[in-house]
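Got the viewer open? Here's a short tour, one selection at a time.

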Amino acid sequence: MKTRFALFACLAIGFSACHFANDYDKIFKNPNLYCATVHELNTVVMGNNFGPIVASRNYLYAAVAGYEVIAGGYPDRFLSLAGQLHGLNPVPRPAAGEKIDFELASLLAFCKLGEAVTFPEGSMHVYVDSLKQLAKDHGMPSDMFDNSVAYSDTVASAIMAWSKKDHYLQTRGAPEYNVNDSPGRWVPTPPAYTPAMEPHWREIRYIAMDSVQQFMPHPPYTFNMTDKKSPYYQEVKKIQDKVDSLTEEETWIADFWDDNPFKLNVSGHLMFGTKKFSPAGHWMGIVGIVSQKAGADFPTTVSAYAKTSVALFDAFIQCWNIKYLYNTLRPETAINKYIDANWRPHLQTPPFPEYTCGHCTISASAAEALSSIYGDSVAYTDSTELEFGIRSRSFPSIRAAADETARSRFYGGIHYEYSTIVSHEMGIQIGKLVADRIKLKK
């Protein structure tokens, strides 16, 4: 991994071969290096089988740590998030006159929080060693190197202390979801029949919103599979008919935004899992792509990751509050029980209640936050899914991608159409709050 990363870093900056040179400043001011580091965390999250909700927590604290280093290093350009995010106290600033490479320190702080928030410490140590060796190989003075490492540790410690007060550990020992097969209530779905995921996530500390009741949508349609004219029954039939008649384009859209971090594949007696980036991981990839397309510098790129991660994090909390308030049945269960026992959705149903749609909510929220930095006229091609064998898709704007995400869950057969619309609108509200409330640049 060390050799692979060093080679990538050199190629990304335009060198044909690695060499010892006094060009560390050019190396570490390249924003592609930060994007590569986020991708490395994405890979670690995926490899450790963390669900999409928990993954958002890894990205949040890592991105905030990376950003706070930049805010400390560029006080004339950027504001600290202390006092803007709930519970975040002032983060130590660098000592006056101390030589620090803030880009290196930002990368190291990102990695330290990314691996320590949820993982066993050391899950990114090989990658971190690569970063440090890169600095030494390209002539970073030893005093600057030492000061940069020390400052990254100082900021990381402050963010780590903040993270430990978000009620995450307390939810690890909370009671499990009570499964009962009453009409309209969620139950585990095939093929794995996995228990309900994170039923207590609404107890996690939100950081930009005022309350988990702040953006409450109307209740879901009343469960009714006896009256074929009822709104609920019509939604069930609508999703069944859509999945049974998907076009090639609609199938591509559903697969592109699937973002199932662990799909269980079953063939006879053979079972095996396949992994992808989670919905939050996909959007962290989009941040990097859009930042590069916009020509953003290193500090602006770091700020884009931070603001987007805040929007993703709060959107998950708001959405999960609603999921476990109503505990609504998945389309697959309703169709199997009342219409066709052999029907299956195009995508594998995730293990939590249907209303509201998580991907729809967090995508709309992320798009608003990211658009507040770069505007909504950046056209880009999303190549995030190429490594999973799925063709890239192009979008005229960031918000257009979020719009498509909402449709994808209906095409996939895992969310009712009205639910995707409601969830998308709720996500926009959350994202606008983050966009308006969180101030980064002076």
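Start with the whole chain in view: 59% of its 442 residues count as buried. Keep in mind that this is a predicted model. Colour by secondary structure and you should find 16 helices and four strands. The radius of gyration is 22 Å, close to the 22 Å the globule rule gives for 442 residues, so the chain is as compact as a globular protein of that length. Turn it along its principal axes and the C-alpha atoms fill a box of roughly 75 × 45 × 40 Å. As for contacts, take those between residues at least 6 apart in sequence: 80% of them join residues at least 24 apart.

**Stop one: the pocket**

Switch on a surface and look for the largest pocket, which holds about 700 Å³ of space. It is lined by 37 residues, and the ones closest to its centre are Gly51, Pro52, Met197, Pro261 and Pro351. Now select α4 (52-73), α12 (298-326) and α14 (358-374): these are the elements that give two or more residues to the lining. Colour the lining by class and you get 21 nonpolar, 10 polar and six charged residues.

**Stop two: Ser278**

Next, select Ser278, in the loop between β2 (270-274) and α11 (279-294). Is Ser278 buried or exposed? Its relative accessibility is 4%, so Ser278 counts as buried. Leaving aside residues up to four places away in sequence, Ser278 touches Pro52, Ala55, Tyr59, Asp259 and Pro261. Two names here should ring a bell from the pocket: Pro52 and Pro261 are among the residues closest to its centre.

**Stop three: the cysteines**

Show the cysteine side chains. How many disulfides does a search of the whole structure find? It finds one, and that disulfide joins Cys357 to Cys360, with an S to S distance of 2.5 Å. Look along the S-S bond of Cys357 and Cys360: the angle about it is 70°, and the link is right-handed. Both Cys357 and Cys360 are buried.

Then go to Cys35 and Cys111. Why is Cys35 not bonded to Cys111? The closest cysteine sulfur to that of Cys35 is the one in Cys111, 13 Å away, which is too far for a bond. It works the other way round as well: for Cys111 the closest cysteine sulfur is in Cys35, at 13 Å. Cys35 is buried at a relative accessible area of 9%, and Cys111 is buried too, at 0%.

**Stop four: backbone oddities**

Time to turn to the backbone. Most residues other than glycine have a negative phi, and most peptide bonds are trans. With that in mind, select Pro190 and Pro191, which are joined by a cis peptide bond with omega of about 5°. Pro191 sits in the loop between α8 (168-172) and α9 (231-243). Stay in the loop between α8 and α9 and pick Tyr193, where phi is positive, near 50°.

Now move to Tyr355 and Thr356: the peptide bond from Tyr355 to Thr356 is cis, with omega near 5°. Thr356 is in the loop between α13 (331-338) and α14.

Finish at Asn49, in the loop between α3 (31-47) and α4. Asn49 is not a glycine, yet its phi is positive, about 60°. Toggle the surface back on: Asn49 is partly exposed, with a relative accessible area of 45%.

How values were computed
Residues numbered from 1 in each chain as written. Heavy atoms only, no water. Disulfide = S-S within 2.5 Å. Buried < 20%, exposed > 50% of the residue type's maximum accessible area, 1.4 Å probe, protein only. 1 Å grid on protein atoms, 1.4 Å probe; cavity = no way out; pocket = protein on both sides within 12 Å on 5 of 7 lines; lining within 4 Å. Points joined across faces, edges and corners; volume = space filled by probe spheres on them. Nonpolar A, V, L, I, M, F, W, Y, C, P; charged D, E, K, R; others polar. Rg over C-alpha atoms; globule rule 2.2 N^0.38 Å. Contact = heavy atoms within 4.5 Å.
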